[in-house]
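Grab a pencil and work through these exercises with the viewer open. Try each task yourself before you read its solution.

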Amino acid sequence: MEMKKITIAVIGVGLIGGSIALSMRRDPNIRVVGYDVRQEPLDKALTLGVIHAGTTDLQTAVREANVIFLAAPVEQIVATLQHLQDMELQPDVIVTDVGSTKAGIVRQAVEVIPERVTFIGGHPMAGSHKSGVEAASDRLLENAYYVLTPAPGTPPEKVERLTELLSLTRAKVVQMDADTHDQVVGAVSHFPHVLASALVNLVAGYDEENGWHARLAAGGFRDITRIASSNPRMWRDVLLQNREPLLKIAKDWTKALEDVIELVEEGDPEGIERFFQTARDFRDGLPERKAGALPPLNDLYIDIPDHPGEIGRITTLLGAKQINITNLQIRETREDIYGALRITFHSQEEMEKGEELLRFFDYNVYRRS
Ligand SMILES: NC(=O)c1ccc[n+]([C@@H]2O[C@H](COP(=O)([O-])OP(=O)(O)OC[C@H]3O[C@@H](n4cnc5c(N)ncnc54)[C@H](O)[C@@H]3O)[C@@H](O)[C@H]2O)c1
Ligand SMILES: O=C(O)C(=O)C[C@]1(C(=O)O)C=C[C@@H](O)C=C1
């Protein structure tokens, strides 16, 4: 990275925006400004040390930015591109996004983004069923593929600059065209989310008739349906943005299911075993993503009013209940009257007790999971 100070704007400070922000903060020459339509994620992000400054005014967030990451749900990324066309921006700004779909976003960017602005579509292939900035981590994208979809006319030096910046996420940057991305990711990510939710809804219906379904749902059901706990609003937008590839995959899926049904109807043991064997061979051959092992965090982040005695009050409360702490740190990134206190507890159990106690005394307490 060059030594020059740069400003990054993150538009949508949730799971992915927060994780990008945390990765960018690895470089002390980078200042991260967060924008969100809601104040709450900005407050949390400041408390958690995810951003240096936060605003609910888009123009304020983007004015100084050298790179803008659009990290809202995909329909909102499309809408934001529209707003950006009327905004005051840095002359060499790069606008990129992290949306799970690409063709519609890239098309919108070509239509509305002024020529002086470079737009490069992006999608990190890592995430979680959790949402919100509390779940953000500077290691979320580590070793994951990060797809960039530059349009044919995009200046290569800008793609290079963004790629260099993204090295802070420790993801592996690759390039492909937006349509190929939507086809492939439709099959390996979007459609599996549809299937997981459809299966859960099916079983939920059975469970109304017979409550043993939920109780007996063990490893298999839980493994295949974890992603049904994902953010419904995000996935609504993904399906609306990637309709054509998904409808084609759904047709292929219907055919694949019919083939299995036929094997079962015919009572064909070899065919059924071959079906499972073929799937197992491909599944077992998937390249492993060696995600960094995340040590358990016993940290709580607390908003504290900036007046003397506040830290003493908190440590007295914890001490009175024999809750052991191993570290205290004041984070000085906040730009308003509140400070952010990070407390590291001796154990997970003590952290949970501390959390309950401080909430009881009306403190705003957050965890970074
Ligand atoms: N969750 C994943 O696993 C994953 C992985 C890769 C990419 N993505 C993509 O990342 C984007 C964000 O997903 P997430 O999981 O971080 O969601 P999230 O719900 O954790 O965060 C989204 C944030 O965007 C904010 N927001 C909503 N509308 C906005 C607007 N118009 N302008 C600015 N902010 C707005 C919300 O208030 C929220 O804080 C989506 O486009 C999603 O497709 C998600
Ligand atoms: O791990 C999960 O929970 C995810 O759903 C992550 C996942 C995926 O399907 O793999 C979800 C959406 C993305 O855009 C990229 C990654």
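Which element supplies the largest share of the shell around ligand 1?

**Solution.** Keep in mind that you're looking at a predicted model. Start with the elements that give at least two residues each to the shell around ligand 1: α1, α4 (74-84) and β6. Now pick the winner: α4 has the largest share, with three residues.

**Exercise 2.** Describe the surroundings of ligand 1, going from its neighbours to its polar contacts and then to its cover.

**Solution.**
- Step 1: find the neighbours. There are 29 residues around ligand 1, and the ones that come nearest are Ile16, Asp36, Ala72, Ser100 and Gly132.
- Step 2: sort the shell by type. You should get 16 nonpolar, eleven polar and two charged residues.
- Step 3: look for polar contacts, which means pairs of N or O atoms within 3.5 Å. The side chain of Asp36 has an N or O atom 2.6 Å from an oxygen atom of ligand 1. At Ala72 it's a polar backbone atom that sits 2.7 Å from a ligand 1 oxygen. Asn231 joins in with a polar side-chain atom, 3.2 Å from an oxygen atom of ligand 1.
- Step 4: check the cover. On its own, ligand 1 has 830 Å² of accessible area, and the protein covers 90% of that.

**Exercise 3.** Where does ligand 2 lie relative to domain 1 (6-177) and domain 2 (181-284), and why?

**Solution.**
- Step 1: list some of the shell. Among the residues surrounding ligand 2 are Ser100, His123, Gly127, Ser189, His193 and Arg226.
- Step 2: draw the conclusion. Both domains give residues to this shell, so ligand 2 lies between them.
- Step 3: add the polar contacts. A side-chain N or O atom of Ser189 is 2.6 Å from an oxygen atom of ligand 2, and one in the side chain of Arg226 is 2.9 Å from a ligand 2 oxygen. Gly127 uses a backbone N or O atom instead, 3.5 Å from an oxygen atom of ligand 2.
- Step 4: look at the cover. Ligand 2 taken alone exposes 370 Å², and the protein buries 83% of it.
- Step 5: name the elements. β6 (118-124) and α7 (178-209) are the ones that give two or more residues to the shell.
- Step 6: sort by type. The shell around ligand 2 splits into four nonpolar residues, seven polar ones and one charged.

**Exercise 4.** How many residues are in the largest nonpolar core, and which element gives the largest share?

**Solution.**
- Step 1: count. The largest nonpolar core has 41 residues, and Ile8, Met24, Ile51, Phe69, Tyr146 and Leu165 have the most contacts inside it.
- Step 2: trace the suppliers. Elements giving at least two residues include β1 (6-11), α1 (15-24), β2 (30-35) and α6 (156-166).
- Step 3: choose the biggest. That's α1, with six residues.
- Step 4: don't stop there! A second, separate core has 30 residues, including Val33, Ala65, Val117 and Ala178.

**Exercise 5.** Is Arg170 buried, partly exposed or exposed, and what about Gln322?

**Solution.**
- Step 1: recall the limits. Buried means under 20% relative accessible area and exposed means over 50%.
- Step 2: apply them. Arg170 has 45%, so it is partly exposed. Gln322 has 66%, so it is exposed.
- Step 3: place them. Arg170 is in the loop between α6 and β8 (172-175), while Gln322 is in the loop between α13 (310-320) and β10 (325-331).
- Step 4: check the backbone. Most residues other than glycine have a negative phi. Arg170, however, has a positive phi near 65°, and the phi of Gln322 is positive too, near 55°.

Key. Residues numbered from 1 in each chain as written. Chains lettered and ligands numbered in written order. Predicted model: local features only at pLDDT ≥ 70, side-chain atom pairs only at ≥ 80, totals over all residues. Heavy atoms only, no water. Near = heavy atom within 4 Å. Polar contact = N/O pair within 3.5 Å; in protein donor to acceptor, adjacent residues only side chain to side chain. Areas by Shrake-Rupley, 256 points an atom, 1.4 Å probe, with all protein chains shown as cover. Helix = DSSP H or I, 4+ residues; strand = E, 2+ residues; numbered from the N terminus. Nonpolar A, V, L, I, M, F, W, Y, C, P; charged D, E, K, R; others polar. Domains from an automatic or database assignment. Core = buried A, V, L, I, M, F, W, Y, C linked by side-chain atoms within 4.5 Å. Buried < 20%, exposed > 50% of the residue type's maximum accessible area, 1.4 Å probe, protein only.
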